[in-house]
Every structure is written in structure tokens, then in C-alpha cells.
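User: Could you take a close look at one helix in this model and walk me through how its sides are placed?

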Amino acid sequence: MAVQITPSILNADFAALGAEVGRIPGADWVHVDVMDNHFVPNLTFGPTMVEALARSTDVPLDAHLMIEDPDREALTYVEAGCGSVTFHVEACRAPVRLAREIRGQGARASMALKPATPIEPYEDLLAELDMVLLMTVEPGFGGQKFLDLVLPKIRRTRELMDRHGVETWLQVDGGVSLETIGRCAEAGADVFVAGSAVFGADDPDAMVASLREAAIS
Ligand code: DX5
Ligand code: ZN
């Protein structure tokens, strides 16, 4: 299982996003949190901004859509240049169709679950997905406390992936830091989003390296 670190720009300087992304050349992906003020009580940016960001970096973009109606909006983010697009299952009307459409356009398709959403009803969808994102905070804001109660679900999701023999990545997002990343890795996560831990550090790229170390050891 290869460890990947995907810094979230939610806590970066929004007036200088191009420069901020330039501070994390060692990241595997840049995690972009798209919020519409409906699915979550916060508002960030849309496809035009994401497209500009994609042009400003060689690091691929990992879009996390916290929006109503991803069925209608998700492909816009593939067109904007994202290499991976994550939709929330709680907001999606037809996850199999949407995952197939995203893959059909050449991006990785990923499905996110809020902390209280169980994985078991979606077991048979795993083969349709390149990644599952398990939220380890309630979505909407950076800098929240990691929810330990999600750890058993990380473990169960990894077991289901192993049982089905799929190559699907398992991403965790929310409160991931040097203190919590080891627990997530031990439970079976292999892709780690970290927002405030990375952009709150004096040297964000060194923090990316430290998080990677901590996930491996
Ligand atoms: C929260 C976002 C996260 C957020 C993580 O809803 O999905 O990606 O930026 O920030 P931290 O790592 O500070 O919890
Ligand atoms: Zn996110």
C-alpha cells in the first residue's frame, strides 16, 4: 500500500493560492475543497478557480465536492483539469452512473462518506470506485478535531476492499496530523488529506515529508 499525502488548501491563503501550492512540491495531490453553502455551511470556490489552479501547478488536483447535486456538477471539475473527483454519497442520486461518467472522462472517481454514513450499503460499489474518502470530521471547515469514532469504519472498509480484491484507495480527511495519522494508517488508510497541519506549519513541504514518515512507520 503506497502512502500518499494530499494537502488541503482550505487553510491556505486564498489570495495567493498559486504561490501556496508552490510551497508543497513534494505532495502527491493538491486537495481542493469545493463547498456550496448548501451541502455544508461554508462557501469556497467553483470550477473557474479550480481550472486556474490546475494551470498553476504540476501536482495533480484532487477535488472534494461538498455540494448538492454532484450528478450535475462533477464533470465540470474533470473538465477544469482535476485528476480525481470525489462526490458525497449523501448528495448523489446515482453514484454508479456518476462514477462511470467521471472515469469515462479520464479522471479517477471517488465517493465520500460523512462520519455517520455507514460503508456497508456501498460494498458492491467498491469496484466502480478508484477511491473511497472517509471523513474524520463533519465536513465544512478545516482545523477541527479528529473523530476517533471513525477508526472502526476505516478498518471495516479496508477489510471489504481486501475481501473484494479491489485496488481502491482509502482516503481520510479531517484532523489528520502527526498525532493522528499513525492511527489512520494502522486502520488501513493509504491517502491522507491534511489542511491545517500542512499550511499551519512553518515549512509545509517538510510537514508533507514528516506526515509521510509518520504514516509509514
Ligand atoms: C473539511 C475539508 C477538509 C479540510 C481538512 O470539510 O474537507 O479537507 O480542509 O482540514 P484539516 O486537516 O485542518 O482538518
Ligand atoms: Zn476535503
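Analyst: Here is a walk around helix α3, with a few words on the model beforehand.

This is a predicted model, in which local features need pLDDT of at least 70, side-chain atom pairs count only at pLDDT 80 or more, and totals for chains, interfaces and linings use all residues. Residues are numbered from 1 along each chain as its sequence is written, while chains are lettered from A and ligands numbered from 1 in the order in which they are written. The chain's pLDDT, the predictor's confidence in each residue from 0 to 100, averages 98, and 100% of the residues score at least 70. As for the model scores, ipTM is 0.99 and pTM is 0.98.

Now to α3, which spans residues 70-79. Helices here are DSSP runs of H or I with at least four residues, strands are runs of E with at least two, and both are numbered from the N terminus. P70, A74, Y77 and V78 are the buried ones in α3, with buried meaning 20 or more other C-beta atoms within 10 Å of a residue's own, exposed 12 or fewer, partly exposed in between, and C-beta atoms placed from the backbone. Looking down the axis of α3, the buried residues sit within an arc of 105 degrees, so they line one face of the helix; the arc is taken from the directions from the helix axis to the C-beta atoms. The background is simple: an α-helix has 3.6 residues a turn, so residues three or four places apart point the same way.

Flip to the other side of α3 and you find R72 and E79 exposed. Back on the buried side, the cover includes α2 (47-56), β3 (61-66), β4 (84-88) and α4 (95-104), where contact means C-beta atoms, placed from the backbone, within 7 Å. After α3 comes G81, with a positive phi near 110 degrees.

Key
Contact = placed C-beta atoms within 7 Å.
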